[in-house]
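I opened this notebook to keep track of what I looked up, entry by entry, and of what each search returned. The sequence and the structure come first.

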Amino acid sequence: MFKTAAVKVRIVRKIALTLLLASAAVMAKDTLTFSAVGDILIGRNWPDATPVLPPDDGADVFKDVQHIFRRTDIAFGNLEGVFLDAGGTPKVCGNPSMCHNFRMPERYAKHFVDAGFDLLNVANNHSGDFGDAGRKATARVLKEAGIGFAGFEGTHETYVLEKDGVRYGLVGFAPNIGTVSIHDVPRARQLVKELRAKSDIVIVSSHMGAEGAKFANITRKAETFVGENRGNPYEFARQMIDAGADMFFGHGPHVLRAIDLYKGKFIVYSLGNFATTTGININGTAGYAPVIEIKTDKHGNFLEGQIHSFIQQGASGERRPFADKTGACIKEFKRLTEADIPEAGLTIGNDGKITLK
């Protein structure tokens, strides 16, 4: 009996040692890879009488891009709306012409899983479109799908995902009610510091800045849009990195904005639209749907990146990301970065390669 017990102990110890060594090997990786995209809203199931759903019920929305998400350690996007099959309290706006309520079927979370998404930001101006019911349903659906998310004030402000032995912390910010606010900078810094203490890599996502092609350039000043203070993305990104963030993914303007590097950490001020339904303009640069793929060392310091160019509008009129052979996203990021952040310390090649100068 004692011999059998001893054998069992040796087996347990051997398994534990094997797992420990495997974990150590993962943590010793020289590089980590990330893919990031902008706003995502697959179809609309509201108003109930006139839903607008994609072909094949959304199954093909990510088919041209998912190979990138699946090969990176972490795939990130901004969820522009809520998962809710029915009900909720639609928001009412002072200016109906500027008011859009975005609600998508709960079953569509499967498409995010199949595509390979790991983390989603839920802090934006549409996360409260259907009130508390919309936020609760979204949280439930994403939890059931196994996708990490952050950005709901008071309930889901931060998230830590452990994957292959690495802990990735996410926090999402926005200027909107029900989200973790960009305007409470001391609180924002504290959340990042808390994530830093329990994560190997800290990712900050922020929905901020004025909207539209007229506002593609970074001003380095506070921005106002339709009477709302949308913050200073340039300053906020730096404050978050000073607090301990390793990368900053911006969205909200619905167009691309410059790429930057601060203290060795990667910043993109706006990833634009990515996969969006009716009610969101995708004409001109608003239809650019890039995927940015980056590599960092195990401490989150930027090593190199790649811009993959996609355009939302296909020849058939279908609204999803289609591969773009003209490199439109590459040219736009290059133009904006050279104009707005010439001191960034980065070079964007005509092939979309992002390298250190």
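Entry 1, helix H6. How many of the 11 residues of H6 are buried? I worked on a predicted model throughout, and I found nine of the 11 buried, so H6 is largely enclosed by the rest of the structure. I listed the buried ones as Pro233, Tyr234, Phe236, Ala237, Arg238, Gln239, Met240, Ile241 and Ala243. I then looked up what these residues pack against, and the partners came out as strand S8 (166-173), helix H5 (185-198), strand S9 (201-207), strand S12 (247-251), S13 and S14.

Entry 2, Leu170. Since S8 is among the partners of H6, I went on to Leu170, which has its place in that strand. Leu170 counts as buried because its relative accessibility is 0%, the cut-off being under 20%. Not counting residues up to four places away in sequence, I found Leu170 touching Phe76, Leu119, Leu120, Phe149, Ala150, Glu157, Thr158, Tyr159, Leu195, Ile203 and Ser205. I also noted the separation of Leu170 and Gly227, which are 57 residues apart in sequence and, C-alpha to C-alpha, 29 Å apart in space.

Entry 3, aromatic pairs. My search of the whole structure returned 16 aromatic pairs. I took up Phe112 and Phe117, whose ring centres are 5.6 Å apart with 45° between the planes, a pair that is tilted. Phe112 is buried, with a relative accessible area of 0%, and Phe117 counts as buried at 5% relative accessibility. I next took up Tyr234 and Tyr269, which form a stacked pair because their planes stand at 25° while the ring centres are 6.3 Å apart; planes under 30 degrees apart count as stacked. This pair links distant parts of the chain, with Tyr234 in helix H6 (residues 233-243) and Tyr269 in the loop between S14 and strand S15 (273-275), 35 residues apart. Both partners are buried, Tyr234 with a relative accessible area of 14% and Tyr269 with 1%. I also recorded one aromatic cluster, formed by Phe62, Phe69, Phe83, Phe112, Phe117 and Phe274.

Entry 4, Ile40. Which residues is Ile40 in contact with, leaving aside its neighbours within four places in sequence? I found Phe62, Gly77, Asn78, Leu79, Glu80, Met104, Phe112, Phe117, Phe274 and Ala275; of these, Phe62, Phe112, Phe117 and Phe274 belong to the aromatic cluster. Ile40 has its place in strand S1 (residues 31-40) and counts as buried at 0% relative accessibility. For a separation, I looked up Ile40 and Phe266, which lie 226 residues apart in sequence and 22 Å apart in space, C-alpha to C-alpha.

Entry 5, helix H7. I looked up H7 (residues 328-340), which has 13 residues and reaches 18 Å from its first C-alpha to its last, close to the 18 Å expected at 1.5 Å a residue. In H7 I found Ala328, Cys329, Ile330, Glu332, Phe333, Leu336, Thr337 and Asp340 buried. The cover over these buried residues includes strand S13 (259-262), strand S14 (265-268), strand S16 (291-297), strand S17 (302-308), strand S18 (310-313) and strand S20 (346-348). I noted that S13 and S14 also appear among the elements against which the buried residues of H6 pack.

Entry 6, backbone. Where is a cis peptide bond found? I located one joining Trp46 and Pro47, with omega about 0°, and Pro47 is found in the loop between S1 and helix H2 (66-71). I then turned to positive phi values in residues other than glycine, and noted Arg220, with phi near 65°, and Lys263, with phi near 55°. Arg220 is found in the loop between strand S9 and strand S10 (224-225) and counts as partly exposed at 34% relative accessibility. Lys263 has its place in the loop between S13 and S14 and is exposed, with a relative accessible area of 57%.

Entry 7, a pocket. I looked up the second largest pocket, which holds about 160 Å³ of space. Of the 14 residues that line this pocket, those closest to its centre are Leu53, Pro54, Pro55, Thr277 and Arg319. I sorted the lining by character and obtained eight nonpolar, four polar and two charged residues.

Notes. Residues numbered from 1 in each chain as written. Predicted model: local features only at pLDDT ≥ 70, side-chain atom pairs only at ≥ 80, totals over all residues. Heavy atoms only, no water. Helix = DSSP H or I, 4+ residues; strand = E, 2+ residues; numbered from the N terminus. Expected span 1.5 Å × (residues − 1). Buried < 20%, exposed > 50% of the residue type's maximum accessible area, 1.4 Å probe, protein only. Contact = heavy atoms within 4.5 Å. 1 Å grid on protein atoms, 1.4 Å probe; cavity = no way out; pocket = protein on both sides within 12 Å on 5 of 7 lines; lining within 4 Å. Points joined across faces, edges and corners; volume = space filled by probe spheres on them. Nonpolar A, V, L, I, M, F, W, Y, C, P; charged D, E, K, R; others polar. Phe/Tyr/Trp six-rings, centres within 6.5 Å; stacked < 30°, edge-to-face > 60°.
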